[in-house]
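Here are some short exercises to work through with the structure open beside you. Try each one before reading its solution.

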Amino acid sequence: MNKRVMSLVLMVLAALLIGLLPSVSAQDVFRVAAVAPSATNDLAFSQSMFDALTMIDAEMGDAFEFVFQDGTFVVDDAAVALREWAASGEYDLIIAHGSQYGAIVEELAPEFPETSFAWGTDQNTFGLPNVFAYTAAAGEGGFLNGAMAAMMSKSGIIGVVGPIEVGDAKLYVDGFVAGAAAIRPDVQVQVTYIQSFSDVPLATEAANTFVANGADVLTGTAQMVVGPIAVAKENGIPWFGTQSSQAELAEASGVMFQVYRWDVVLMDMIASIQGGTLGGESYTLTLANGGLQMVMGQHGG
């Protein structure tokens, strides 16, 4: 067989092969749009959702696309984005990642009944067939962190910097306090809610106050914890975290972190939507279903 004939044969085989290979059409791509209150690298709430969507993207490949609008702490700005996404008809699932967005979802979902919405952390679907709700049983990992913190504390005083006493933040703090008390009934767990999810200077001040009052272990939740983590590092005391792994930032102070794996429930939502069920169900991340994972830091490793 001469070279010219061989080339023609290879071209024909290549054409046939391309025709046989499966391809992903535009209609087959599952599209998600998400809005979150803080940065995708906040080491806390928003990053936990961004990481989950990134993992799903890696798993589904060309069959999945997502857009993520972070830093949308102004609810009115989030409302604009959510409405534009819904009105476009381009997205199979729209995620409002923040309990402050609940009223927006409740208003928009009936206007766009063919679009699925998800929001958290909460369990309320508003009785709407196209709304999913999700939350985290943050008290489970909080209990484990609190128990270990009580064992590590020499002074018997532990400081907890909380944001606002709602949702998974309150669940985590309550679980942490219960875990510490279960190990050492005499331990003093001092809790301060700074009434903000993002005020780093105020969170830093609260952490410094704890240390000045004898606390030798610190924990906290929400994106403002970068301040208390710095305080723990400066004072060489253990830090326990939640929502995302803060091990890299905490360095030698990091002991254990409860990590939210939203991909566990998002994959179920995707399957439901593809099967024709657009909402009406609530999900909870737990240690049992793998939605909550405990990750060790340098101090605890």
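**Exercise 1**

Which residue in E5 stands opposite Ala 118?

Solution. A reminder before we start: this model is predicted. Begin with the two strands, E4 (residues 116-120) and E5 (residues 131-136), which pair in the parallel sense over 4 bridges. Then look across from Ala 118, and you will find Phe 132 in E5.

**Exercise 2**

Work out the strand order of the sheet, and then say why E2 and E11 each have one side without a neighbour.

Solution. Start with the order: 6 strands run E2-E1-E3-E4-E5-E11 in an open sheet, with parallel pairing. Next, go to the edges, where E2 (64-69) and E11 (282-285) each have a single partner strand, so one side of each has no neighbour in the sheet. Finally, follow the twist, which averages 20° from one strand to the next.

**Exercise 3**

Find which strands are touched by helix H2, and which lie under the span of helix H10.

Solution. Take H2 (residues 45-60) to begin with: this helix packs on the sheet and touches E1 (30-35), E2, E3 (93-97), E4 and E5. The direction of H2 makes about 160° with that of E2. Now turn to H10 (residues 263-274), which lies across E1, E2, E3, E4, E5 and E11. Relative to E11, helix H10 runs at about 155°.

**Exercise 4**

Check the length of helix H6 against the expected span, then explain where its buried residues lie around the axis.

Solution. Helix H6 (residues 167-183) has 17 residues, and at 1.5 Å a residue these should span 24 Å. The expected span is 1.5 Å times one less than the number of residues. The end C-alpha atoms of H6 are 25 Å apart, which agrees. For the second part, list the buried residues of H6: Asp 168, Ala 169, Tyr 172, Val 173, Gly 175, Phe 176, Gly 179 and Ala 180. Viewed down the axis of H6, these buried residues fall within an arc of 165°, so they line one face of the helix.

**Exercise 5**

Inspect the backbone at Thr 121, Leu 43 and Glu 251.

Solution. Thr 121, in the loop between E4 and E5, is joined to Gly 120 by a cis peptide bond with omega of about 10°. Leu 43 sits in the loop between E1 and H2, and its phi is near 60°, a positive value in a residue other than glycine. Glu 251, also not a glycine, has a positive phi of about 55°. Its place is the loop between H9 (247-250) and E10 (254-260). Is Glu 251 buried, partly exposed or exposed? Its relative accessible area is 40%, so Glu 251 is partly exposed.

Technical notes
Residues numbered from 1 in each chain as written. Predicted model: local features only at pLDDT ≥ 70, side-chain atom pairs only at ≥ 80, totals over all residues. Heavy atoms only, no water. Pairing = 2+ DSSP bridges. Axes fitted to C-alpha atoms, helices over the stretch in contact; angles between N-to-C directions. Contact = heavy atoms within 4.5 Å. Buried < 20%, exposed > 50% of the residue type's maximum accessible area, 1.4 Å probe, protein only. Arc of directions from axis to C-beta.
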